Amino acid sequence: MSTSLNELPRIGAPASRGLGAAGYTTLRQLAGVPRGDLAQLHGVGPKALDIIEAALNEHGLGLK
């Protein structure tokens, strides 16, 4: 099942809050964002980044 570009994948509450606080509310907004920038956000760890990257890859997109 493909993740919608209009919502964030299931990455856990802390990571979702961290992304939301930084203004990221959809998967589409994360395409092309440097992985290191996201890793600096509160609550966004390696597992969340892997889930985000996999969801983006489903749409032919990715992180930098």
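**Figure legends: a predicted four-helix chain**

From the N terminus on, the order of elements in this chain is α-α-α-α. The model is predicted. It holds four helices and zero strands.

**View 1. The whole chain and its dimensions**. The C-alpha trace spans about 25 × 20 × 20 Å along its principal axes. A compact globule of 64 residues would have a radius of gyration near 11 Å, and the 10 Å of this chain agrees with that. Of the contacts with a separation of 6 or more, 51% are between residues 24 or more positions apart.

**View 2. Surface and charges of the chain**. The accessible surface amounts to about 3800 Å², and carbon and sulfur atoms account for 53% of it. Buried residues make up 33% of the 64 residues. The chain carries 6 positive and 5 negative charges, and the mean positions of these two sets lie 5 Å apart.

**View 3. Thr26 in the loop between α1 and α2**. The loop that holds Thr26 follows α1 (13–21) and precedes α2 (27–30). Thr26 has a relative accessible area of 17%, so it counts as buried, the cut-off being under 20%. Leaving aside residues up to four places away in sequence, Thr26 touches Leu5, Asn6, Glu7 and Leu8.

**View 4. Gly20 in helix α1**. Gly20 is partly exposed because its relative accessibility of 36% falls between the cut-offs of 20% and 50%. Leu41 is 21 residues from Gly20 along the chain, and the C-alpha atoms of the two are separated by 10.0 Å.

Methods. Residues are numbered from 1 along each chain as its sequence is written. This is a predicted model: local features need pLDDT of at least 70, side-chain atom pairs count only at pLDDT 80 or more; totals for chains, interfaces and linings use all residues. Side-chain values use heavy atoms; hydrogens and water are left out. Helices (H or I, at least four residues) and strands (E, at least two) are DSSP runs, numbered from the N terminus. Buried means under 20% relative accessible area, exposed over 50%, partly exposed in between (1.4 Å probe, protein chains only). Contact means heavy atoms within 4.5 Å. The radius of gyration is taken over C-alpha atoms; the globule rule is 2.2 Å times the number of residues to the power 0.38. Accessible areas come from the Shrake-Rupley method with a 1.4 Å probe; for residues, only the protein chains shown count as cover. Lys and Arg count as positive and Asp and Glu as negative; His and the chain ends are not counted. The place of a charge is taken as NZ of Lys, CZ of Arg, CG of Asp or CD of Glu.
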